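Student: I have a structure open and would like to talk through it with you. Could we go one feature at a time?

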Amino acid sequence: MNQLIGIGALIDSAWEHYRAHHKFLLKISAWLLVVSIINVIAILLYPIDAVATTQTTLSEKIGIILLFVNNTIVATVIGTWTINALIRAIQSQESNVKLTFKKLNKAAWGLFVPQLLVRLYYLLLVVGAFLLPLLLFWFLTNIGVGFLPSLILFSLLFVSLLLFLPPIALMIYLAFAGFALVEDGKRGMAAVRASMELVKKRFWAVALRLLIPKLLYFGVFFLLQFLLIIVIRIIAYSVLQGTDVLSAMRVEWIALTLSYSVLFVFLNPMLLITDHLLYSHLKKA
């Protein structure tokens with residue numbers, strides 16, 4: 001069995017790929033901003049004081065509907081296409097195969113429904129795995145606390161927490177299902193099984209290489225988001241001088257939405273490059 005790429009080498013290789021191809025990858029990832037822009041429009045219309053009022057205006061109703069539709073249908077469509085396009089682009093770049101945006105777009109849409117099905121299988125498996133520990137934890141904290149002795153209650157709570165470990169492990173086993181679809185043409189449960197087969201050979205090594213880079217990336221991400229939120233607040237409050245409480249709440253919401261979306265456009269390719277490199281090394285191992 002070949003030696004799996006080290007964590008430091010994995011991050012370095014991902015960064016080198018990102019730096020060499022960031023312009024093309026960001027053109028794809030930037031489509032996620034469509035969801036953000038629509039969200040900002042919806043937030044501007046949304047009834048922030050809905051609890052205090054019994055009636056909503058037409059524009060407020062539009063804001064509620066727009067926010068819901070955007071974060072369910074629009075976000076799913078754009079997010080699925082973006083994943084397909086980025087994975088295919090990264091694979092082509094790694095193989096030194098030139099791929100025009102037109103061909104990339106066609107390939108990404110061609111895999112749209114299969115990717116949706118893979119993500120649905122992923123969701124059903126993970127939610128199903130989390131269901132038992134969640135139900136047990138809810139029962140113990142809401143019903144069992146009323147009649148169970150303390151020792152038994154705490155013992156069962158500890159067991160319920162341990163039951164969360166298998167679903168977390170399942171998420172690691174299924175991490176490469178989307179890559180198996182886009183890169184190797186495996187569809188449906190075949191993609192799920194391909195991911196599980198690869199991971200089960202070296203579960204702990206894969207888990208560390210999936211988690212540690214993401215902890216690093218998201219650590220930098222949230223630090224930058226904190227700074228960006230401050231900048232957005234300063235700009236917004238300087239424009240809206242003497243703003244009331246509701247307007248301030250709206251500004252905070254928009255600041256969180258914009259800061260997360262803008263930074264995630266830059267982060268998303270790096271996440272997928274890292275996982276692609278790990279997936280490629282696993283297939284060779």
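Student: Where is the kink in helix 3 centred?

Tutor: Helices here are DSSP runs of H or I with at least four residues, numbered from the N terminus. The bend at a residue is the angle between axes fitted to the seven residues ending there and the seven starting there. In helix 3 there is a kink of about 40°, and its centre is N70.

Student: Before we go on, what kind of model is this?

Tutor: Residues are numbered from 1 along each chain as its sequence is written, and side-chain values use heavy atoms, with hydrogens and water left out. Local features need pLDDT of at least 70 and side-chain atom pairs count only at pLDDT 80 or more, while totals for chains, interfaces and linings use all residues, since this is a predicted model.

Student: How far does helix 3 reach from its first C-alpha to its last?

Tutor: Helix 3 covers residues 58-94, which is 37 residues. The expected span is 1.5 Å times one less than the number of residues, giving 54 Å here. The reach in the model is close to that, at 51 Å.

Student: Which residue just after helix 3 takes a positive phi?

Tutor: Happy to point you there! The phi is about 60°, and the residue is N96.

Student: How many aromatic pairs are there?

Tutor: Rings of Phe, Tyr and Trp (its six-membered ring) pair if their centres lie within 6.5 Å; planes under 30 degrees apart are stacked, over 60 edge-to-face, and the rest tilted. By this rule the count is 17.

Student: Y46 and W253 form one such pair; how many residues apart in sequence are the parts it ties together?

Tutor: The pair is edge-to-face, with 5.3 Å centre to centre and 85° between the planes. Y46 lies in the loop between helix 2 (33-45) and helix 3, whereas W253 is in helix 11 (residues 245-284). The pair therefore ties together parts whose separation in sequence is 207 residues.

Student: In the F218 and F221 pair, is F221 buried or exposed?

Tutor: These rings are also edge-to-face, at 5.8 Å centre to centre and 70° between the planes. Both residues lie in helix 10, 3 residues apart, about one turn of the helix. Buried means under 20% relative accessible area, exposed over 50%, and partly exposed in between (1.4 Å probe, protein chains only). F218 is partly exposed at 23%, while F221, at 4%, is buried.

Terms used: Helix = DSSP H or I, 4+ residues; strand = E, 2+ residues; numbered from the N terminus.
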